[in-house]
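Here's a quick briefing to read alongside the structure. Start with the metal site, then move out to the sheets and the overall fold.

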Amino acid sequence: MVLGKSPAMPDAGGAHSGYLITHAGFTLLLDCGAGVFAKLRQYADPARIDAVLISHLHADHMLDLVPFSFALGAGLVGSRRQPPLWAPPGGVASFAAFADAVGMEDQINHGFWVREYDPQRELKLGPLRIRFASVPHYVPCYACDLQEPTGRRLTFGADCGPNDGIVRLAKGTDLLMLEATEGPGPSVATSPRGHLTAAEPGLIAHYAEARRLLLTHYSDQLDAAELRRAAERAYGGQVELATEQARYVI
Ligand SMILES: [Zn+2]
Ligand SMILES: [Zn+2]
């Protein structure tokens, strides 16, 4: 379920990056940007989140770890257990520096059991096997491929510029979720690129032979029909656009 799909400037009434993934009673929150915790409270029980995984440390992917941690640590959501929070390498020190800067010790560590994943190795969370790929962005950033025991897969590109790593990671995936932050037109971004135009996810999905492509992390100021057309031309098939509260069954 999409809790939030906004890029850096949130959609009107929207939330930043946050996706709820459930399988066989296991619930994973993938990214936790600003506004995501309020959405989570609307649609799920925060105390029942089994793990949190963060793609990278930009604010639009992790800022709501602060209220989530507070709610967990203070027992406000019915549980004082600390779910594991899997951060990218360097996450533990970054969270500590952030807490120090705002004068609130243990701001994130209070509610979560904070761990760092090793993007070179597979991570097992409940029934899910997770592989990572480093993708080009303005800070270290990791795409991830989630696979359940019977082989069904969701691949999330995180924030990224054009790259081959995501094609390799996503090869043959069932659902490929890619950002389209730069919109339908040709890129006007300066090099090195850190985001995709709508045609680029289409090309990545085409080369990865993904069964379905879901565009996300695009602004409500963009023309959704144009985005879809640009992506479909490159993909050679139907493309879906993520919307908040939408559920996708793989
Ligand atoms: Zn982002
Ligand atoms: Zn980012």
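A donor here is an N, O or S atom within 2.8 Å of the metal, and since water is not among the atoms, sites may look incomplete. With that in mind, Asp-159 bridges the zinc ion (ligand 1) and the zinc ion (ligand 2), which sit 3.5 Å apart. Keep in mind that this is a predicted model. The chain around the metals has seven helices and 13 strands.

**Zinc ion (ligand 1)**
- Its protein donors are Asp-60 (OD), His-61 (NE2), Asp-159 (OD) and His-217 (NE2), at 2.1 to 2.2 Å.
- Along the sequence, these donor residues follow the spacing D-H-x97-D-x57-H.
- The arrangement is irregular because the four donor atoms subtend angles of 91 to 156 degrees, whereas a tetrahedral call needs all angles between 85 and 135 degrees.
- Two of the donor residues are tucked away: Asp-60 is buried with a relative accessible area of 8%, and His-61 is buried at 0%.

**Zinc ion (ligand 2)**
- This one is held by His-56 (NE2), His-58 (ND1), His-137 (NE2) and Asp-159 (OD), at 2.1 to 2.4 Å.
- The site is irregular too, with angles of 91 to 163 degrees among its four donor atoms.
- The spacing of the donor residues in sequence reads H-x1-H-x78-H-x21-D.
- His-56 and His-137 link distant parts of the chain, being 81 residues apart. His-56 belongs to the loop between strand S4 (51–53) and helix H2 (59–62), and His-137 to the loop between strand S8 (128–134) and strand S9 (142–147).
- Both His-56 and His-137 are buried.

**The six-stranded sheet**
- Six strands make an open sheet with mixed pairing, in the order S1-S2-S3-S4-S5-S6.
- Strand S1 (2–4) and strand S6 (113–116) are the edges; each has a single partner strand, so one side of each has no neighbour in the sheet.
- From one strand to the next, the twist averages 20 degrees.
- S4 pairs with strand S5 (residues 84–87) in the parallel sense over two bridges, and Val-52 has Leu-85 in S5 as its bridge partner.
- Helix H1 (residues 36–43) lies across S1, strand S2 (18–23) and strand S3 (26–30), at about 145 degrees to S1.

**The seven-stranded sheet**
- Seven strands form another open sheet, ordered S7-S8-S9-S10-S11-S12-S13, again with mixed pairing.
- Its edge strands are strand S7 (123–125) and strand S13 (239–241), each pairing on one side only.
- Here the twist averages 25 degrees from one strand to the next.
- Strand S12 (residues 213–216) and S13 run parallel, joined by three bridges; Leu-214 has Glu-240 in S13 as its bridge partner.
- Helix H7 (residues 224–235) packs on this sheet, touching S12 and S13, and its direction makes about 150 degrees with that of S13.
- Helix H6 (residues 199–208) lies across strand S11 (175–179) and S12, at about 150 degrees to S11.

**Overall shape**
- The chain has a radius of gyration of 17 Å, which agrees with the value near 18 Å for a compact globule of 250 residues.
- The C-alpha trace spans about 50 × 40 × 35 Å along its principal axes.
- Buried residues account for 54% of the 250 residues.
- Of the contacts between residues at least 6 apart in sequence, 59% join residues at least 24 apart.

Key
Residues numbered from 1 in each chain as written. Chains lettered and ligands numbered in written order. Predicted model: local features only at pLDDT ≥ 70, side-chain atom pairs only at ≥ 80, totals over all residues. Heavy atoms only, no water. Donors = N, O, S within 2.8 Å, 3.2 Å for Na, K, Ca; no water. Tetrahedral: all angles 85-135°; square planar, octahedral: opposite > 155°, others 65-115°. Buried < 20%, exposed > 50% of the residue type's maximum accessible area, 1.4 Å probe, protein only. Helix = DSSP H or I, 4+ residues; strand = E, 2+ residues; numbered from the N terminus. Pairing = 2+ DSSP bridges. Axes fitted to C-alpha atoms, helices over the stretch in contact; angles between N-to-C directions. Contact = heavy atoms within 4.5 Å. Rg over C-alpha atoms; globule rule 2.2 N^0.38 Å.
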